[in-house]
Amino acid sequence: MTKEELSVLLESWDNLPLVISTIETQQQNYKILMGIALYSADANSWRAAYIVDKIHEKNPDYILPYVNKITEQLKVENHAGKKRHFLKQISLCPISSKHYGFLFEYCLNALGSAKERAAVRVHAMQILFNISEKEPELKPEILALIEHEMEYHSTAGIISRGRKLANKLRKQIS
C-alpha cells in the first residue's frame, strides 16, 4: 500500500476496519501509517493516529520504535485529536529518561491548561504519574497537582483518573 492509497482510505470512517486489518496482517504498512499520523498536515491525519491507537490494543510492540518520534512531534503538534492519541500512546509505553524533562513540563502545562481537552489532560496526568514512578521525589508535587485539578478544573475524566492516581500516590508517599 502506498501513502496515497492509505490517505484515500483514511477519508472515510467506513474504511477504518479494513485499514486496521490490513496493517495488522501487513506490518510493513505500519511505517506508512505512522508517517501520516506523525507528519501529515492532511485534515484526516488524526485518523491515522486513531488507527495507531486501535492497533496498539492488539499489537503493543508495533509502536515501540516510534515512541521517541511521537514525543518529539508533541513539540510542534497543535491538533487536539493527535495530541490526545499521542499522549495516550506515550502513557502506555516505557518513557526514555532523556524525555523526562520535556514530558514533565509539557504534561504539567497540558494538565493545568483550560484550553486543552479533558482527554489530553487525563493522559498528561497519567504520564506525570508514570514519570514519578521513575523519579519518586516528584510524587508529592504530582499529587498536589492532581488534587488541585480535581478540585478546581474537574471533569468526569479528570476526577476518575485523578482519584485512582492520587490514591496510589498517597499510598506510595506514606
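**Figure 1. Tyr-30 and its aromatic partner.** At 3% relative accessibility, Tyr-30 counts as buried in this predicted model. Five aromatic pairs are found in a search of the whole structure. In one of these, Tyr-30 and Tyr-62 meet edge-to-face, with 5.3 Å between the centres and 70° between the planes. The pair joins distant parts of the chain, since Tyr-30 belongs to helix H3 and Tyr-62 to the loop between H4 and H5, 32 residues apart. Tyr-62 also counts as buried, at 13% relative accessibility.

**Figure 2. The largest nonpolar core.** This core has 53 residues, and Tyr-30 and Leu-33 touch the most other members. Helix H8 (residues 118–134) is the greatest contributor to the core, giving eight residues. Apart from its neighbours within four places in sequence, Leu-33 is in contact with Leu-6, Ile-23, Ala-48, Ile-51, Val-52 and Ile-55.

**Figure 3. The buried side of helix H5.** Helix H5 spans residues 67–74, and its buried residues are Val-67, Ile-70, Thr-71, Gln-73 and Leu-74. These residues lie on the same side of H5 because they cover an arc of only 160° around the axis. An α-helix has 3.6 residues a turn, so residues three or four places apart point the same way. The cover over the buried residues of H5 includes helix H3 (28–39), helix H6 (80–91) and helix H7 (100–111).

**Figure 4. An aromatic cluster and two lysines over rings.** Trp-13, Trp-46 and Tyr-50 make up one aromatic cluster. Elsewhere, the charged end of Lys-75 sits over the ring of Phe-102, at 5.2 Å from the ring centre. Lys-139 lies over the face of Phe-129, and here the distance to the ring centre is 5.5 Å.

**Figure 5. Two exposed positions, Ala-41 and Glu-57.** Ala-41 is located in the loop between H3 and helix H4 (45–58). Its relative accessibility is 81%, so Ala-41 counts as exposed. From Ala-41 to His-79 the C-alpha to C-alpha distance is 9.6 Å, with their positions 38 residues apart in sequence. Glu-57 is part of helix H4. The relative accessible area of Glu-57 is 51%, and the residue is therefore exposed. Glu-57 and Gly-157 are 100 residues apart in sequence, and their C-alpha atoms are 20 Å apart in space.

**Figure 6. Cys-93 and Cys-107, without a disulfide.** A disulfide is a covalent bond between the sulfur atoms of two cysteines. The structure holds zero disulfides. For Cys-93, the closest cysteine sulfur is that of Cys-107, and at 14 Å it is too far for a bond. The reverse also holds, as the cysteine sulfur closest to that of Cys-107 is in Cys-93. The cut-off for a disulfide is a pair of cysteine sulfur atoms within 2.5 Å. Cys-93 counts as buried because its relative accessibility is 8%. Cys-107 is buried as well, with a relative accessible area of 0%.

Conventions
Residues numbered from 1 in each chain as written. Predicted model: local features only at pLDDT ≥ 70, side-chain atom pairs only at ≥ 80, totals over all residues. Heavy atoms only, no water. Buried < 20%, exposed > 50% of the residue type's maximum accessible area, 1.4 Å probe, protein only. Helix = DSSP H or I, 4+ residues; strand = E, 2+ residues; numbered from the N terminus. Arc of directions from axis to C-beta. Contact = heavy atoms within 4.5 Å. Core = buried A, V, L, I, M, F, W, Y, C linked by side-chain atoms within 4.5 Å. Phe/Tyr/Trp six-rings, centres within 6.5 Å; stacked < 30°, edge-to-face > 60°. Lys NZ or Arg CZ within 6 Å of the ring centre and 35° of its normal.
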